[in-house]
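User: I've got a model open and want to go through the labels it carries. Can you walk me through the reasoning behind them?

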Amino acid sequence: ADVMRERGGFDVIAGNPPWAKPSWNEGEVLADIDPRYIGLSATEAKRILPEALERSNGRETFLKAFVSTRGGMEVTSSSLKNPFAGGGSNNLYRCFIDLAFRLVASSGYVAMLHQDGHLGDPNSGVFRRHWYGRIAKHFEFSNKITSKMFVEVHNERRFSLNIYRGVSSNIRFEKFTYALLPSQIDDSYAD
């Protein structure tokens, strides 16, 4: 804590935050409690929920899942908790970036590997304003060569490596679009 106070934050923050949006689905939770309910639509799950929970003795498990998930949804959508990400339905990676912006020293840098949904989302103007003010390098990847990149990430999913400044400044950043391998970015800087 003394170092944080003295330096004003971390010099470097690096991460690969979760690329998920908290959501609630009664059918999925019900299937976790009792596998015979796998594949139910949300409408079907709502219709049979009371009797299914009674039959499987899963009311407490269901309520714990509901409270945990809905609580997570409220926290991630709070503009008070996530002032840089803004309010609304936030993907978890936005909340991690928001936290990193608050923890990095003014002379520090943040490096994050994440999706770019905020760039096209019409409801993400607040986040984009902060993003553009801090982004120093934005390297976008397509995961077409899964044997050399991320096997667990679908080959159509696009993501980016982002380097952020510790403070907002005039918009200026380096960009590489549609890279298939990190070595392509290295090669682009070669003389």
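User: What makes glycine 27 count as buried or exposed?

Analyst: This is a predicted model, and in it glycine 27 has a relative accessible area of 4%. Buried means under 20%, so glycine 27 counts as buried. Glycine 27 is found in helix α2. Leaving out residues up to four places away in sequence, glycine 27 touches Tyr37, Leu40 and Ala45. The C-alpha atoms of glycine 27 and leucine 40 are 5.5 Å apart in space, with the two positions 13 residues apart in sequence numbering.

User: And methionine 73, what label does its relative accessible area give?

Analyst: Buried again: the value is 19%, and the cut-off is under 20%. Methionine 73 is found in helix α4 (residues 59-76). Apart from neighbours within four places in sequence, methionine 73 is in contact with Pro22, Ser23 and Trp24. Trp24 is also one of the residues in a core of ten residues, which includes Leu30, Leu49 and Leu53 too.

User: How many residues does the largest nonpolar core have, and which have the most contacts inside it?

Analyst: The largest nonpolar core has 23 residues, and Ile97, Val110, Met112, Phe141 and Tyr164 have the most contacts inside it. α5 (92-103), β2 (104-114), α7 (125-134), β3 (135-142) and β4 (158-165) each supply at least two of its residues. Take methionine 112: not counting residues up to four places away in sequence, what it touches includes Ile13, Phe96, Ile97, Leu161 and Tyr164.

User: Why are β1 and β5 said to stand at the edges of the sheet?

Analyst: Five strands form an open sheet, in the order β1-β2-β4-β3-β5, with mixed pairing. β1 (10-15) and β5 (174-179) each have a single partner strand, so one side of each has no neighbour in the sheet. The twist averages 5° from one strand to the next.

User: How do you know that β1 and β2 pair?

Analyst: Two strands pair if there are at least two bridges between them, and β1 and β2 have five, in the parallel sense. Isoleucine 13 stands opposite valine 110 in β2.

User: Which strands does α7 lie across, and what covers its buried residues?

Analyst: α7 lies across β2, β3 and β4, and it runs at about 65° to β4. Helix α8 (residues 182-189) packs on the sheet as well, touching β3 and β5, and its direction makes about 140° with that of β5. Back in α7, Phe127, Arg128, Trp131, Gly133 and Arg134 are buried. Their cover includes α5, β2, α6 (117-120), β3 and β4.

User: Why does histidine 114 count as buried?

Analyst: Its relative accessibility is 0%, and the label needs a value under 20%. Histidine 114 is found in strand β2. Beyond its neighbours within four places in sequence, its contacts include Pro17, Trp19, Tyr93, Ile97 and Trp131.

User: What makes the pairs with asparagine 162 and tyrosine 164 polar contacts?

Analyst: The N or O atoms have to lie within 3.5 Å, one able to donate a hydrogen and the other to accept it. The side chain of histidine 114 makes such a contact with the side chain of asparagine 162 at 3.0 Å. With the side chain of tyrosine 164 the value is 2.7 Å.

User: Why is the ring pair of tryptophan 19 and phenylalanine 159 called tilted?

Analyst: Centres within 6.5 Å make a pair, and planes that are neither under 30 degrees nor over 60 degrees apart count as tilted. Here the centres are 5.6 Å apart and the planes are at 35°, so the pair is tilted. Tryptophan 19 sits in the loop between β1 and α2 (26-33), phenylalanine 159 in strand β4, 140 residues apart. Both tryptophan 19 and phenylalanine 159 are buried. Together with Phe141, Trp19 and Phe159 form one aromatic cluster.

User: What about tryptophan 131 and tyrosine 132, what kind of pair are they?

Analyst: Their ring centres are 4.9 Å apart and the planes are at 85°, so this pair is edge-to-face, since the cut-off is over 60 degrees. Tryptophan 131 is buried, at 1% relative accessible area. Tyrosine 132 has 29%, so it is partly exposed: that label lies between 20% and 50%. The structure holds ten aromatic pairs.

Technical notes: Residues numbered from 1 in each chain as written. Predicted model: local features only at pLDDT ≥ 70, side-chain atom pairs only at ≥ 80, totals over all residues. Heavy atoms only, no water. Core = buried A, V, L, I, M, F, W, Y, C linked by side-chain atoms within 4.5 Å. Buried < 20%, exposed > 50% of the residue type's maximum accessible area, 1.4 Å probe, protein only. Helix = DSSP H or I, 4+ residues; strand = E, 2+ residues; numbered from the N terminus. Contact = heavy atoms within 4.5 Å. Axes fitted to C-alpha atoms, helices over the stretch in contact; angles between N-to-C directions. Phe/Tyr/Trp six-rings, centres within 6.5 Å; stacked < 30°, edge-to-face > 60°.
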